[in-house]
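Colleague: I'd like to zoom in on one part of this model, a pocket that I might want to grid up later. Could you walk me through it, and then through what sits around it?

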Amino acid sequence: MFDVNETLSDMSGLSERFAQTGMPAGAAATWFASLLRDGFALTVTGGNPAFAELASQSLAALLRGHGVADVEAGVAKIMGAFAALPLHPDVVVGVRALSDAGVRLVTLSNGSTSVAQGLFERAGIAGSFERLLSVEQALAWKPAATAYRYAMDACQAQPDETMLVAAHPWDIHGAARAGLSTAFVNRTGTPYPAFFDRPDLEVDSITELAQILTA
């Protein structure tokens with residue numbers, strides 16, 4: 001089970017889009033972190049916000065706060081780029097190796113399944129995935145246990161048969177607490193936070209993950 005945003009999609013190009021609106025390049029990371037924070041807050045208080053709607057609203061607030069003149073155009077430019085992100089270079093080879101080995105592959109994203117579908121169709125690997133799942137049907141964002149249970153129920157799988165692959169320690173922690181095995185994709189070499197449950201595997205790419213799981 002793969003997370004999508006940042007785990008598979010390469011979001012580095014968003015910095016350029018932010019710069020084109022007059023924002024500092026680092027604002028892309030700030031926006032995405034605040035988007036997740038607000039989504040988590042709404043989840044723990046009983047909500048299940050639509051990712052795209054929350055993303056657009058939080059982005060508009062950020063642009064407005066930085067004095068961007070045409071907020072509507074800035075939101076359209078950045079959200080358009082978000083919907084057209086590429087995959088990380090290691091993803092295609094790794095996913096194909098796992099699929100060829102008979103590993104069942106699904107996604108579980110806090111975002112829309114259409115984003116994942118577009119990613120995979122552009123890269124030619126849409127057929128490698130059995131299902132594309134979103135927390136929109138789970139009634140709670142990850143890392144709530146409800147989200148992982150929804151995905152396992154949809155795939156008729158048990159926790160001991162399921163691995164969550166993610167680049168986010170909070171996602172790894174949530175899946176571990178839900179009973180799944182976990183693989184942390186650490187492309188940057190950042191130390192894993194000691195306050196979260198540790199992953200079962202730590203790899204620097206999906207290619208390395210495939211090498212380990214298919215050995």
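What volume does the second largest pocket have?

Modeller: The second largest pocket has a volume of about 360 Å³. Seventeen residues line this pocket, and those closest to its centre are Met1, Val103, Arg104, Glu161 and Met163. Before going on, some ground rules: this is a predicted model, so local features need pLDDT of at least 70 and side-chain atom pairs count only at pLDDT 80 or more, while totals for chains, interfaces and linings use all residues. Residues are numbered from 1 along each chain as its sequence is written, and side-chain values use heavy atoms, with hydrogens and water left out.

On terms, the search runs on a 1 Å grid over the protein atoms alone: a cavity is a set of points where a 1.4 Å probe fits but cannot get out, a pocket is an open set with protein on both sides within 12 Å along at least five of seven lines, and lining residues have an atom within 4 Å of a point. Points are joined across faces, edges and corners, and the volume is the space filled by probe spheres set on them.

Back to your pocket. α7 (145-155), β3 (163-166) and α9 (206-213) each give at least two residues to its lining (helices are DSSP runs of H or I with at least four residues, strands runs of E with at least two, numbered from the N terminus). α7 has the largest share, three residues. The lining is 14 nonpolar, one polar and two charged (Ala, Val, Leu, Ile, Met, Phe, Trp, Tyr, Cys and Pro are nonpolar; Asp, Glu, Lys and Arg charged; the others, Gly among them, polar).

Follow α7 back along the chain and there's an oddity: Lys142 and Pro143 are joined by a cis peptide bond, with omega about 15 degrees. Pro143 sits in the loop between β2 (131-134) and α7.

Another lining element, α9, packs on helix α5 (residues 91-100), with their axes coming within 7 Å and crossing at roughly 20 degrees (axes are lines fitted to C-alpha atoms, for helices over the stretch in contact; angles run from 0 to 180 degrees between N-to-C directions). That makes the pair roughly parallel (under 35 degrees; over 145 is roughly antiparallel, 65 to 115 roughly perpendicular, the rest oblique). Val91, Val93, Gly94, Val95, Ala97 and Leu98 in α5 meet Ile206, Thr207, Ala210 and Leu213 in α9, where contact means heavy atoms within 4.5 Å. Eight of these are nonpolar, two are polar, and none is charged.

Now for the largest pocket, which holds about 610 Å³ of space. It is lined by 27 residues, with Glu6, Phe32, Ala167, His168 and Thr188 closest to its centre. Its lining splits into 16 nonpolar, nine polar and two charged residues. At least two residues each come from α1 (14-20), α2 (27-44), α8 (169-177) and β4 (181-185), and α2 brings the largest share, six residues. Glu6 is worth a look for its backbone too: its phi is near 80 degrees, positive in a residue other than glycine. You'll find Glu6 in the segment before α1.

Phe32 and His168 turn up again in the lining of the largest cavity, together with Asp3, Asn5, Leu36, Ser109, Asn110 and Trp170. That cavity has about 50 Å³ of space, and the structure holds one cavity of 30 Å³ or more. By class, its lining has three nonpolar, four polar and one charged residue.

Phe32 also faces helix α3 (residues 51-65). The axes of α2 and α3 come within 10 Å and cross at roughly 130 degrees, so the two are oblique to each other. Ala27, Trp31, Phe32, Leu35, Asp38, Gly39 and Leu42 on the α2 side meet Phe51, Leu54, Ala55, Ser58, Leu59 and Leu62 on the α3 side. This contact has ten nonpolar residues, two polar and one charged.

One step further out, α3 crosses helix α4 (residues 71-83) at roughly 135 degrees, with axes within 9 Å; this pair is therefore oblique as well. Phe51, Ala52, Ala55, Ser56, Leu59, Ala60, Leu63 and Arg64 in α3 touch Val71, Gly74, Val75, Ile78, Met79 and Phe82 in α4. The class count there is eleven nonpolar, two polar and one charged.
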